[in-house]
Amino acid sequence: MVARVFPPLILRRFESIAAGFPSPAQGYEDEPLDLNALLIRRPAATFFFRVQGSALIRDGIRDGSLLVVDRSITPRAGQLVVADVDGVREVCRLPRSAEQLVVWGTVTAIITKV
């Protein structure tokens, strides 16, 4: 699995959408939504991984999901991390005792198509 850093992506139009009764704020759109600003805190330490498999579907991670992983964050027990397991990078939940787990980075966001 190869980590890739994607170019900046800015959505040119972002507005609220009602899920039922029309919003009284209709016509007052927000500023453009910058996904980089929303999802990436430290660009130099952030990487993206595309998931293969569905072992963590209960965590909202499906086959094809895109993970945003920050290497500068110190992970805590229970967090989703990318770890080297027997020489292979895998996404998993960090156990309470992880002496034998080599953590590569902490998952900060999951992007999944619906």
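Two residues are in contact here when they have heavy atoms within 4.5 Å of each other. The structure is a predicted model, and the contact rule can be applied to a residue in one of its strands.

L80 belongs to strand β5. Setting aside neighbours within four places in sequence, L80 has contacts with L56, D59, I61, C92, R93, T106, V107 and I110. Its relative accessible area is 9%, and because buried means under 20%, L80 counts as buried. The C-alpha atom of L80 lies 6.8 Å from that of V91, although the two residues are 11 apart along the chain.

The strand pairings place β5 between two partners. With β6, β5 runs antiparallel, and six bridges join the two. In this pairing V82 is opposite V91 of β6. With β7, β5 also pairs in the antiparallel sense, here over four bridges. A83 is the residue that stands opposite V103 in β7.

The connection from β5 to β6 is a hairpin with two residues between the strands. One residue in the turn, D86, has a positive phi of about 55°. G87 also sits in the loop between β5 and β6 (88-93). With a relative accessibility of 75%, G87 is exposed, because the cut-off for that class is over 50%. Between the C-alpha atoms of G87 and V102, which are 15 residues apart along the chain, the separation is 9.7 Å.

From the strands one can turn to the nonpolar interior. The largest nonpolar core holds 10 residues: F49, V51, L56, I61, L67, V69, L80, V82, W104 and V107. Two or more of these residues come from each of β4 (66-70), β5 (80-85) and β7 (102-111). Another core, of five residues, lies apart from it, and includes I40, F48, L66 and V68.

V82, a member of the largest core, touches F49, V69, R89, E90, V91, V103, W104, G105 and V107 when residues up to four places away in sequence are not counted. Among these contacts is V91, the residue opposite V82 in β6. L80, in the same core as V82, has its own contact with V107, which is a core member as well.

The last feature is enclosed space. The count gives one cavity of 30 Å³ or more, and the largest cavity has a volume of about 30 Å³. Its lining consists of L39, R41, T46, D70 and T108. By class, the lining of the largest cavity has one nonpolar, two polar and two charged residues.

Notes. Residues numbered from 1 in each chain as written. Predicted model: local features only at pLDDT ≥ 70, side-chain atom pairs only at ≥ 80, totals over all residues. Heavy atoms only, no water. 1 Å grid on protein atoms, 1.4 Å probe; cavity = no way out; pocket = protein on both sides within 12 Å on 5 of 7 lines; lining within 4 Å. Points joined across faces, edges and corners; volume = space filled by probe spheres on them. Nonpolar A, V, L, I, M, F, W, Y, C, P; charged D, E, K, R; others polar. Core = buried A, V, L, I, M, F, W, Y, C linked by side-chain atoms within 4.5 Å. Buried < 20%, exposed > 50% of the residue type's maximum accessible area, 1.4 Å probe, protein only. Pairing = 2+ DSSP bridges.
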